[in-house]
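I opened this notebook to look up backbone geometry that departs from the usual pattern. I start with the terms and then go through the entries in turn.

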Amino acid sequence: MLLTENNLMRVTEIKRATRESPRVKEFFFHDEPCSKGRPGQFVMIWLPGFDEIPMSLSSTHPNGLVSVAVAKVGEATELFHKKREGDLVGVRGPLGNSFQLERGNVLLIGGGTGIAPLAFLAEELAGLKTGITFLMGAKTKEELLFLSRIKRLSTNTKFRVFTSTEDGSFGHKGVVTELAEEILEKEEFDTIYACGKELMLLKIFRLAQKHRTPLQVSLERLMRCAIGLCGSCVIGKYRVCVDGPVFTDRQLKEVESEFGRFRRSLDGSKVPLQSLR
Ligand SMILES: Cc1cc2nc3c(=O)[nH]c(=O)nc-3n(C[C@H](O)[C@H](O)[C@H](O)COP(=O)(O)OP(=O)(O)OC[C@H]3O[C@@H](n4cnc5c(N)ncnc54)[C@H](O)[C@@H]3O)c2cc1C
Ligand code: FES
């Protein structure tokens, strides 16, 4: 069990809430420990009287402000979306490990809200003058998160962004893994970073294996304690909350029988991945 300072709940006020897409709002709040968080790390947000849910850090700022990008998918996130400036939430974090920053020529692949932690990562990598190719995918143009924030990076670094939408409203018509497949056939990368639905990550894992390119992915699992106790986030020999959420291709290989196939339900039993989505 990892019981550290970061795991003590702090109460904080929502400073700002901005709509990022029809389904996603970005919430800003002050929290000193979280403002030292790294890309890939997550926080547990307590919605008083209701539930505590995991959210990746979307941005951190030197003045102690941090943000999370929240997609409305169920009861807790619907309640979150109703929060306004001045409302209180509880926060624990930053939790888990983070992406390792690599130099050279890197490929970032984000789907849906998976774009949020990768936007944060891209900003950090841009500071190292890493060459970045960012592939972003969503169902529609309006659901492509942080497009202008990401495009701003092209001013000071070797940076390219390609988009895909399932309805063809912006960029490639199709899914982001098709863009990935295409670019990996033509170019070599030193590292691939990916975040999104697990079935998308499984496809990226197979592509990375085929092209012998090191991979780091951020996994989402059901989380309750976030300190390695309850077991609800288990994948093979790992607990995503403390051993992850970022895993390398080598670690994913070790849990290949579960990755993209099974996860744990609320009662701890192993269930097919699709049954929870
Ligand atoms: C490390 C990590 C980082 C995440 N980052 C983000 C993020 O940046 N933005 C974002 O919008 N979402 C993120 N999520 C997912 C988010 O936690 C869930 O969407 C949220 O908990 C759903 O709560 P709900 O009651 O609204 O929906 P529910 O009705 O409970 O469930 C809707 C879906 O969310 C999944 N889910 C439910 N509870 C949890 C939980 N405690 N942990 C993980 N998944 C759950 C369910 O399997 C289901 O598929 C992250 C999850 C993890 C584990
Ligand atoms: S969330 Fe409880 S062990 Fe990971």
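Before I place any residue, I note that helices (H or I, at least four residues) and strands (E, at least two) are DSSP runs, numbered from the N terminus. The model I am reading is predicted.

Entry on positive phi. I keep in mind that most residues other than glycine have a negative phi. I looked up Arg212 and found that, although not a glycine, Arg212 has a positive phi of about 50 degrees. I located Arg212 in the loop between helix 6 (198-210) and strand 13 (215-218). I then asked myself whether Arg212 counts as buried or exposed. Arg212 counts as exposed because it has 8 C-beta neighbours inside 10 Å, and the cut-off for exposed is 12 or fewer.

I turned next to Lys129, which is not a glycine either and has a positive phi of about 65 degrees. Lys129 sits in the loop between helix 3 (115-127) and strand 9 (131-138). With 11 C-beta neighbours inside 10 Å, Lys129 also counts as exposed.

Entry on cis peptide bonds. I recall here that most peptide bonds are trans. Where does Pro94 lie? I found Pro94 in strand 7, which covers residues 88-95, and the peptide bond that leads from Gly93 to Pro94 is cis, with omega near 0 degrees. I also looked up the bond from Gly244 to Pro245, which is cis with omega near 15 degrees. Pro245 belongs to the loop between helix 7 (240-243) and strand 16 (246-248).

Note on methods. Residues numbered from 1 in each chain as written. Chains lettered and ligands numbered in written order. Predicted model: local features only at pLDDT ≥ 70, side-chain atom pairs only at ≥ 80, totals over all residues. Buried ≥ 20, exposed ≤ 12 C-beta atoms within 10 Å, placed from the backbone.
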